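Trainee: Could you take me through the surroundings of the ligand in detail? I would like to follow the contacts one at a time.

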Amino acid sequence: MNILWVYAHPEPRSLNGALRDAALKQLRVDGHTVEQSDLYAMQWNPVVTYEDYGHDPTKRFHVASASSAALAAGAQAPEIAAEQQKLLRADAVVLQFPLWWYSMPAIMKGWVDRVFVEGFGYGVRASDGSTRRYGDGVLAGKRAMVVVSMGGSEHTVSPRGISGSLDELLYPIQHGILFYTGMNVLPPVLVASADRMTDTDYAAAESDLMQRVKGLQTDEPIRYRSQNGGDYDRRFILRENIDADETGMRIHTER
Ligand SMILES: Cc1cc2nc3c(=O)[nH]c(=O)nc-3n(C[C@H](O)[C@H](O)[C@H](O)COP(=O)(O)O)c2cc1C
């Protein structure tokens, strides 16, 4: 497999750096091809710029969606086009980051903002004019997995934990970005209590990650409901007969 490992941590000698090094080594030993986007090392600019927006003189307001014109014309910033090519080459995409304020570090969010432009990440049209998203899109068929460390302990992200369940916490990333763009999202790898790890804890976390890395090709994805699978009405509201009386993010996963 060809794997794209997207990594956001400023310190290579961190816990995340050690886990990243171990995972990439394992993948290569197992015969996979690995490409990496080490966002801090690349000094990735996370800020969407006016140039990224493209320029449509016929429009009154400049909007981010004009970026599709730049995409179509091959006029995107070279660093954006390069990241899109890495994604297109990948069979599996891994996002690894420490949880910062319930989310990914800004540098990684800015990678998504700038790389997943209209015509690539969203606003992708099927031949019948419908929009390809939530289970379909340019990245359809690829696998994706989040590897996240957090200072809090594991029970804080259990179903009744104070941070919400892990599925809910990661819903914007796993459902709103990875599944939205078409990818099959594998269950996340969580490294909890990451600020107080003993050597034994680290060994267990590394071994867990190695196992999950080995399952990248075969593990069962989260069963998010696809937009066009029949579960939603024309307004993309879950049909009344499915999980009646239930609400919230969990209803968008088949159980
Ligand atoms: C800016 C910042 C925000 C953080 N936000 C959270 C958080 O929302 N929840 C949490 O459990 N830990 C949080 N943490 C703790 C980190 O997730 C933790 O330090 C990290 O995963 C440890 O991995 P590292 O040693 O590789 O950095 C935060 C840390 C920082 C620096």
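Mentor: Happy to; here is a walk around the ligand. A word on the source: this is a predicted model, where local features need pLDDT of at least 70, side-chain atom pairs count only at pLDDT 80 or more, and totals for chains, interfaces and linings use all residues. Residues are numbered from 1 along each chain as its sequence is written, and side-chain values use heavy atoms, with hydrogens and water left out.

Around the ligand there are 15 residues, counting a residue if one of its heavy atoms lies within 4 Å. His9, Leu99, Trp101, Ser149 and Asp195 come nearest. By class, this shell holds 8 nonpolar, 6 polar and 1 charged residues; here Ala, Val, Leu, Ile, Met, Phe, Trp, Tyr, Cys and Pro count as nonpolar, Asp, Glu, Lys and Arg as charged, and the others, Gly among them, as polar.

Now to the polar contacts, meaning pairs of N or O atoms within 3.5 Å. In the side chain of Ser149, an N or O atom is 2.5 Å from an oxygen atom of the ligand. Asp195 also uses its side chain, with an N or O atom 2.6 Å from a ligand oxygen. Leu99 takes part through its backbone instead: an N or O atom there lies 2.8 Å from an oxygen atom of the ligand. As for cover, the ligand on its own has 640 Å² of accessible area, and the protein covers 70% of that; such areas come from the Shrake-Rupley method with a 1.4 Å probe.

Key:
Polar contact = N/O pair within 3.5 Å; in protein donor to acceptor, adjacent residues only side chain to side chain.
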